[in-house]
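Trainee: I have a new model open and would like to go through it with you. Could we take it step by step?

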Amino acid sequence: MGGTRNFPDRYVRHVNYDVRIDLDVSPAQDAQFRVVPGLANSSGYVSFESVNFPGYFLRHSNYDFVLAANDNSATFRADATFRVTG
């Protein structure tokens with residue numbers, strides 16, 4: 001994942017399983033994700049799997065954005081699935 005739309009010099013990354021936007025990322029893999037078909041719906045949706053923590057996905061939970069292990073529950077799949085927009 002490259003820079004964010006409104007802050008092109010910053011990156012979405014994970015630190016201690018929390019997700020945040022930072023200017024500098026070390027190690028670089030903390031800001032690298034595989035874009036995979038959505039876990040809950042693969043038609044027009046995606047999920048983001050961590051490069052350096054395979055099986056861990058970006059997920060929204062309790063109004064927070066986290067990196068979490070896929071427990072394969074319906075709730076997890078829904079929380080880790082995002083609609084692709086233009």
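Mentor: Gladly. Let us begin with a term: a nonpolar core is a set of buried Ala, Val, Leu, Ile, Met, Phe, Trp, Tyr and Cys residues joined through side-chain atoms within 4.5 Å. Keep in mind that this is a predicted model.

Trainee: Which residues make up the largest nonpolar core?

Mentor: In soluble globular proteins, nonpolar side chains tend to be buried together. Here the largest such set has 7 residues in all. Its members are V12, V19, F33, V46, F48, L58 and L67.

Trainee: What does V46 touch, not counting residues up to four places away in sequence?

Mentor: V46 belongs to the largest core. Leaving out residues up to four places away in sequence, its contacts are V35, V36, P37, G38, A80, T81, F82 and V84. Apart from the largest core lies another one, of 6 residues, and among them are V36, F57, A68 and A80.

Trainee: In what order do the elements of the protein chain run from the N terminus on?

Mentor: The chain has 1 helix and 7 strands. Read from the N terminus, the order is β-β-β-β-β-β-α-β.

Trainee: What is the radius of gyration of the protein chain, and how compact is the chain?

Mentor: For 86 residues the globule rule gives 12 Å, and the radius of gyration is close to that, so the chain is as compact as a globular protein of that length. The C-alpha atoms fill a box of roughly 35 × 30 × 25 Å along the principal axes. The radius of gyration is 12 Å.

Trainee: Which residues does the cis peptide bond join?

Mentor: Most peptide bonds are trans. In this model, one bond has omega of about 0°, which is cis. On its C-terminal side is P27, placed in the loop between β2 (18-22) and β3 (33-37). The bond joins S26 and P27.

Trainee: Where does N62 lie, and is it buried or exposed?

Mentor: Most residues other than glycine have a negative phi, yet N62 has a positive phi of about 50°. N62 lies in the loop between β5 (56-61) and β6 (64-69). Exposed means over 50% relative accessible area. At 72%, N62 is exposed.

Trainee: What is the relative accessible area of N72?

Mentor: N72 also has a positive phi, near 65°, without being a glycine. Its place is in the loop between β6 and α1 (74-79). N72 is exposed, with a relative accessible area of 53%.

Conventions
Residues are numbered from 1 along each chain as its sequence is written. This is a predicted model: local features need pLDDT of at least 70, side-chain atom pairs count only at pLDDT 80 or more; totals for chains, interfaces and linings use all residues. Side-chain values use heavy atoms; hydrogens and water are left out. Buried means under 20% relative accessible area, exposed over 50%, partly exposed in between (1.4 Å probe, protein chains only). Contact means heavy atoms within 4.5 Å. Helices (H or I, at least four residues) and strands (E, at least two) are DSSP runs, numbered from the N terminus. The radius of gyration is taken over C-alpha atoms; the globule rule is 2.2 Å times the number of residues to the power 0.38.
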